[in-house]
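Visitor: I am new here and would like a close look at a single part. Please pick one, take me through it step by step, and then show me its surroundings.

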Amino acid sequence: MLNRKAAREQAFVLIFEKIFNDLSCDEIIDLAVDVREFETDEYCVSVFTGVYDNIEKIDALISENANGWNISRLGKVALAVMRLAIFELLFRDDIPASVSVNEAVELCKKFATTEDASFVNGVLGSVVKKVAGDK
């Protein structure tokens with residue numbers, strides 16, 4: 001069983017892979033497990049499939065809070081990270097907003113650049129304020 005941080009990173013990888021192909025979520029998971037001996041758990045799978053079950057709502061929040069950036073022009077790592085974090089913010093009451101944002105920034109630093117991490121932090125900060133205002 002993966003710890004939460006590892007499961008989040010695995011979910012990020014799956015979300016990132018889905019950006020580049022039209023396979024179903026189940027097909028992406030199956031390929032990752034078969035080809036790369038990819039380890040998943042319930043959290044990883046639920047977040048990955050949850051992102052794509054709610055992609056329109058999640059992407060709308062990214063678009064509304066990305067200050068003039070078109071979603072198609074965003075870096076794919078930053079996009080995948082924000083999708084994951086926004087899913088957690090909207091649908092996972094067991095994860096504090098600060099943890100989702102911090103983990104997203106750390107994923108960006110690991111897989112992209114510090115500039116991407118700063119951008120993601122700013123967008124997610126705006127999303128947190130909006131989501132908190134809507135509750």
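**A loop residue and its surroundings**

Guide: Let us begin with Asn67, which counts as exposed because its relative accessibility is 69% (exposed means over 50% relative accessible area, buried under 20% and partly exposed in between, using a 1.4 Å probe and protein chains only). Asn67 sits in the loop between α4 and α5; helices are DSSP runs of H or I with at least four residues, strands are runs of E with at least two, and both are numbered from the N terminus. The phi angle of Asn67 is near 45°, which is positive although the residue is not glycine. Most residues other than glycine have a negative phi.

Keep in mind that this is a predicted model, where local features need pLDDT of at least 70, side-chain atom pairs count only at pLDDT 80 or more, and totals for chains, interfaces and linings use all residues. Residues are numbered from 1 along each chain as its sequence is written, and side-chain values use heavy atoms, with hydrogens and water left out. The mean pLDDT (the predictor's confidence in each residue, from 0 to 100) of the protein chain is 93, and 97% of the residues score at least 70. Confidence is highest in α5, at 97, and lowest in α7, at a mean of 91.

Another loop residue is Phe20, between α1 and α2. With 53% relative accessibility, Phe20 also counts as exposed. From its C-alpha atom to that of Thr114 the separation is 23 Å, and the two are 94 residues apart along the chain.

Now step inside. The largest nonpolar core (buried Ala, Val, Leu, Ile, Met, Phe, Trp, Tyr and Cys residues joined through side-chain atoms within 4.5 Å) has 46 residues, and among those with the most contacts inside it are Leu14, Phe48 and Val51. Two or more residues come from each of α1 (4–19), α2, α3 (42–53), α4 (55–65), α5 (76–91), α6 (97–111) and α7 (114–134). The largest share, 11 residues, belongs to α5. Beyond its neighbours within four places in sequence, Val51 is in contact (heavy atoms within 4.5 Å) with Ile15, Ile58, Arg83, Leu84 and Phe87.

Charged side chains come next. Searching the whole structure gives nine salt bridges, each a side-chain nitrogen of Lys or Arg within 4 Å of a carboxyl oxygen of Asp or Glu. Lys5, Arg8, Glu88 and Glu103 are linked in a network of them. In one of its pairs, Lys5 meets Glu103, with the closest N and O atoms 3.5 Å apart. Lys5 belongs to helix α1 and Glu103 to helix α6, so this pair ties together parts 98 residues apart in sequence. Lys5 is partly exposed, at 48% relative accessible area, whereas Glu103 counts as buried at 14%.

Arg8 pairs with Glu88 at 2.8 Å, N to O. That salt bridge links distant parts of the chain, with Arg8 in helix α1 and Glu88 in helix α5, 80 residues apart. Both Arg8 and Glu88 are buried. Arg8 also forms a salt bridge with Glu103, at 3.8 Å from N to O. Here the partners lie in helix α1 and helix α6, so parts that are 95 residues apart in sequence are tied together.
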